Amino acid sequence: MSKWFPFMLFCVAVLIAGNAAYFSVKGIGLLFAGSFIPVIIMASSLEIGKLFAVSFLYRKWYEMKLFMKTYLSVASLLLMIITSLGIFGFLSDAYQDTKTKVDLYESKIMSTQNEIDNINKQINTIENARDAVDTKTSDTIETYKKIYEDFEKRTNSRIDSLNARLAVLDKQVTDLQSEPGGLFNSKASKLAKLKEEQKLERQSIADEMSELNDQLTAEYQKYLDKIDNLSQDTKSNLTTQEQTEPLYESIRAKEETISEYKGLISDTDIGSFKFIARSFDVETDTAVKWFIIMIVIVFDPLA
């Protein structure tokens, strides 16, 4: 066993040093994505130089002058720090990509859940007014229905245009989040600035959509009230079950969509970090940051 130990030690050292060099070079390249290839060449040269500098120090320590010892020692230490920062940049960029996807899924889940809540409100309104369409004349019902549907069409058209604008704002945020980033990247400040710039417009859209939904609900209630006042001598309209069944089907479809999004979130690598963050009562970003720091501390110095 002792005969093979030096060889095994050499293999482990090469493996760790090689991985450290790869992650460091890739991470530094991501930090300066505008000149990716030149930066990769430069970082690779520095990695090779670091290995030779450490080897030279080991072999010629007692033969070198003090100035050369000091310079090569400081240079090797700085190169180790640069390597560690590159590894930090690589890992943080990979985490940010995953986090962006998870944030997008969670946003879609929230939006879908809001749609389910609105449908449930419609169902409650129909069920509370289940006797409203039992004894109505067909012609009068059709007239009231057309008045309501015209209003609903105009309102929904405006809501659709507001949602389209929200989609544009969301795309601006998503596009910025999708840009490469790392330790020295100002993406976080750009995101904060963009969200602050969008804040007033988003609030205005939310207020207008809330007002439109309230108007739509009020108009629908007027429609039901008018039907209530019709003659009791006519045939009944659709039953409550016939009206609510499509809405229940829509809810089931949206719940399946939410389950799919949750499955996509569980398939990402961020789930375990969320559990760790909850266990230590810290933010997920903080847990990931310290995890990456621990990797950086032991990676290149161990190599």
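Buried residues make up 30% of the 303 residues in this protein chain, where buried means under 20% relative accessible area, exposed means over 50%, and partly exposed lies in between (1.4 Å probe, protein chains only). The model is predicted, so local features need pLDDT of at least 70 and side-chain atom pairs count only at pLDDT 80 or more, while totals for chains, interfaces and linings use all residues. Residues are numbered from 1 along each chain as its sequence is written, and side-chain values use heavy atoms, with hydrogens and water left out.

**Exercise 1. The overall plan**

Task: Find how many helices and strands the chain has, then look at its contacts and surface.

Solution:
- Step 1: Count the elements, and you get eight helices and zero strands. Helices (H or I, at least four residues) and strands (E, at least two) are DSSP runs, numbered from the N terminus.
- Step 2: Read along the sequence, and the pattern is α-α-α-α-α-α-α-α.
- Step 3: Take the contacts (heavy atoms within 4.5 Å) between residues at least 6 apart in sequence; 78% of them join residues at least 24 apart.
- Step 4: Turn to the outside, where the accessible surface comes to about 20,100 Å² and 61% of that belongs to carbon and sulfur atoms. Accessible areas come from the Shrake-Rupley method with a 1.4 Å probe, and for residues only the protein chains shown count as cover.

**Exercise 2. Into the core**

Task: Work out which helices supply the largest nonpolar core, and which residues have the most contacts inside it.

Solution:
- Step 1: Know what to look for: a nonpolar core is a set of buried Ala, Val, Leu, Ile, Met, Phe, Trp, Tyr and Cys residues joined through side-chain atoms within 4.5 Å.
- Step 2: The largest such core has 20 residues, and Y220 and Y223 have the most contacts inside it.
- Step 3: At least two residues of this core come from each of α3 (66-128), α4 (138-178), α5 (187-228) and α6 (240-267). Helix α3 gives the largest share, seven residues.
- Step 4: Zoom in on Y223: setting aside neighbours within four places in sequence, Y223 is in contact with I141, Y144, K145 and Y148.

**Exercise 3. Three residues to place**

Task: For T112, T155 and I292, decide whether each is buried or exposed, and find what each one touches.

Solution:
- Step 1: T112 sits in helix α3 and is buried, because its relative accessible area is 10%. Leaving out residues up to four places away in sequence, T112 touches K254, I258 and Y261. A polar atom of the T112 side chain also lies 2.8 Å from the backbone oxygen of K108.
- Step 2: T155 belongs to helix α4. At 4% relative accessible area, T155 is buried too. Beyond its neighbours within four places in sequence, T155 is in contact with L212 and L216.
- Step 3: I292 is found in helix α8 (residues 284-302), and its 5% relative accessibility makes I292 buried. Not counting residues up to four places away in sequence, I292 touches F88, L91 and S92. I292 and I87 are 205 residues apart in sequence, yet 8.6 Å apart in space, C-alpha to C-alpha.

**Exercise 4. Pairing up charges**

Task: Look at three of the seven salt bridges and say where their partners sit.

Solution:
- Step 1: Start with the idea: side chains of opposite charge can pair when their charged atoms come close. A salt bridge is a side-chain nitrogen of Lys or Arg within 4 Å of a carboxyl oxygen of Asp or Glu.
- Step 2: E115 pairs with K254, with the closest N and O atoms 2.7 Å apart. This pair links distant parts of the chain, as E115 is in helix α3 and K254 in helix α6, 139 residues apart. E115 is partly exposed at 33%.
- Step 3: K146 pairs with D150 at 3.0 Å between the closest N and O atoms. They are four residues apart in helix α4, so about one helical turn separates them. D150 is partly exposed, with 32% relative accessibility.
- Step 4: E63 pairs with K60, the closest N and O atoms being 3.8 Å apart. E63 counts as exposed because its relative accessibility is 60%, whereas K60, at 33%, is partly exposed.

Methods: Polar contact = N/O pair within 3.5 Å; in protein donor to acceptor, adjacent residues only side chain to side chain.
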